[in-house]
Amino acid sequence: MRICSTPALSYFILTQQYTYALTGCVLAAISDGLDGYIARNYAGETVLGSYLDPFADKLVINCLALSLASVGVLPNWCVGIWMGKDVLLFGGAYRAVALAAKGTGHAVFDPAHTSLKIEPTFISKVNTILQFGTIGVGLGMAGLDVPSNDIVHVLSVISCGTTVASGLSYLDGKSMTKSGNSMGSKSNNDDR
């Protein structure tokens, strides 16, 4: 739901329909929580999900942040830091999986064969919550037509601090864990 709702949420922000945007964000957060609960408690966790869930979070966060920056709610420097970290992390994740897949004959992000999955770090989870919180406060204050410069600025500084800490927490490579999938070379049996 998060990925599909992102264009509509961005449209609501760009047209300054902040109440609709905030309502959509709350609904997306509820669906994300429900999805995570079901995956954890009913054996629904998958390697594909370990890539799609953070991708969906980052897509929503960065699209909404860009939209909020374009209407003057979020500072541009904050959005640049958020996006810069995510671009570097996506590049790093791709590189790690590409190295693991090298010589196996499998596509880099083939969820049936990818030997690595993403385990978010604690600070990364805190960072995502702070980023969504900063977006939510900015939307709420804009929707109520309350000047929010000081509050949003403080939240932006804090979330940028956790963004940098989150990015650094991935440098050791421990967040890329074994998925349990085999990455052996393709055999003739795989072609049947």
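What follows is a conversation about helices, a core and a surface patch in a predicted model.

Trainee: What should I know before reading the values?

Mentor: Residues are numbered from 1 along each chain as its sequence is written, and side-chain values use heavy atoms, with hydrogens and water left out. In this predicted model local features need pLDDT of at least 70 and side-chain atom pairs count only at pLDDT 80 or more, while totals for chains, interfaces and linings use all residues.

Trainee: Why is Val-164 called partly exposed?

Mentor: Buried means under 20% relative accessible area and exposed over 50%, with partly exposed in between (1.4 Å probe, protein chains only). Val-164 has a relative accessible area of 47%, so it is partly exposed, and its place is in helix α6.

Trainee: What makes the span of helix α5 close to the expected one?

Mentor: The expected span is 1.5 Å times one less than the number of residues. Helix α5 (residues 122–143), a DSSP run of H or I with at least four residues, numbered from the N terminus, has 22 residues and reaches 31 Å from its first C-alpha to its last, against an expected 32 Å. Its buried residues include Ile-135 and Leu-139.

Trainee: Which residues touch the most other members of the largest nonpolar core?

Mentor: A nonpolar core is a set of buried Ala, Val, Leu, Ile, Met, Phe, Trp, Tyr and Cys residues joined through side-chain atoms within 4.5 Å. Of the 21 residues in the largest one, those touching the most other members are Ile-13, Leu-64, Leu-68, Leu-74, Trp-82, Ile-135 and Leu-139. The largest share of this core, six residues, comes from α3.

Conventions:
Helix = DSSP H or I, 4+ residues; strand = E, 2+ residues; numbered from the N terminus.
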